[in-house]
Amino acid sequence: MAVRPILTVPDPVLKQVSTPVESVDDELRALMDDMLDTMYAAPGIGLAAVQVGAPIRVIVMDLAREDEPPQPRYFVNPEITWASEEMAVREEGCLSVPEIYDEVERPARVGLKYQDYTGAQIEEDAEGLLAVCIQHEMDHLNGVLFIDHLSRLKRSRAIAKVKKAAKDAQAA
Ligand code: K1U
Ligand code: ZN
């Protein structure tokens with residue numbers, strides 16, 4: 001297992017629409033293991049494959065609190081089957097837009113269909129942090145970042161800030 005570099009804005013790969021996974025095999029599980037290591041090292045609570053440069057429809061997540069044992073979750077070819085009319089606003093961050101946090105409004109509850117680590121087909125309903133995180137990660141699969149939900153001014157300021165931080169880090 002390995003920690004991979006996480007792409008940051010404005011890397012054009014992050015704008016790609018990820019392609020469906022054909023089969024859940026050992027090669028895919030190795031990628032998901034690396035993604036989980038990468039997410040824990042960041043640290044973060046979710047990660048889409050495109051963020052490590054693999055534009056396929058795979059997400060990993062762990063929403064366990066620090067005082068709880070790890071609860072890794074794997075979503076292959078996830079689909080949202082329904083979304084509530086009720087909306088909820090929550091502050092989001094993104095490992096591809098480091099150090100930027102802002103509020104995003106999304107459906108409060110969604111229905112999910114996906115394959116897990118073994119390839120089994122799962123259906124479940126999501127609310128709270130799971131609903132927020134899965135919608136954020138599924139946006140990644142469609143080339144959308146949480147800053148795309150903000151005003152143009154906030155988005156361009158966020159990208160400029162990340163670019164400057166990357167430049168400063170390279171100079172140091
Ligand atoms: O880049 C990503 O997609 C991961 C992102 C997921 C996310 C966070 C908040 C709302 C929606 C989606 C992150 O994990 S950002 C880091 C973060 O939230 C966090 C880091 C350490 C401890 C707790 C949270
Ligand atoms: Zn993100």
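Where in the fold is Ile80 found? Ile80 lies in strand S3, which covers residues 73–83. Bear in mind that this is a predicted model. Here's a quick tour of the zinc site and of the contacts around Ile80 and Gln135.

**The zinc site**
- Three residues hold the zinc ion (ligand 2): Cys94 through SG, and His136 and His140 through NE2 of each, at 2.0 to 2.3 Å.
- Read along the chain, the donors of the zinc ion (ligand 2) fit the spacing C-x41-H-x3-H.
- His136 and His140 both sit in helix H2 (residues 128–141), and because they are four residues apart there, about one helical turn separates them.
- His136 is buried, since its relative accessible area is 6%, under the 20% cut-off.
- His140 is buried too, with a relative accessibility of 0%.

**Ile80 and its neighbours**
- With a relative accessible area of 35%, Ile80 comes out as partly exposed.
- Leaving aside residues up to four places away in sequence, Ile80 touches Val110, Gly111, Leu112, Gln135 and Met138.
- Ile80 and Glu123 are 43 residues apart in sequence, yet their C-alpha atoms are 9.8 Å apart in space.

**Gln135, on the helix side**
- Gln135 belongs to helix H2, the helix that also carries His136 and His140.
- Gln135 is buried, at 8% relative accessible area.
- Again skipping residues up to four places away in sequence, Gln135 is in contact with Ile80, Arg106, Pro107 and Val110.
- Val110 turns up in both contact lists, touching Ile80 as well as Gln135.

Conventions. Residues are numbered from 1 along each chain as its sequence is written. Chains are lettered from A and ligands numbered from 1 in the order in which they are written. This is a predicted model: local features need pLDDT of at least 70, side-chain atom pairs count only at pLDDT 80 or more; totals for chains, interfaces and linings use all residues. Side-chain values use heavy atoms; hydrogens and water are left out. Donors are N, O and S atoms within 2.8 Å of the metal (3.2 Å for Na, K and Ca); water is not among the atoms, so sites may look incomplete. Helices (H or I, at least four residues) and strands (E, at least two) are DSSP runs, numbered from the N terminus. Buried means under 20% relative accessible area, exposed over 50%, partly exposed in between (1.4 Å probe, protein chains only). Contact means heavy atoms within 4.5 Å.
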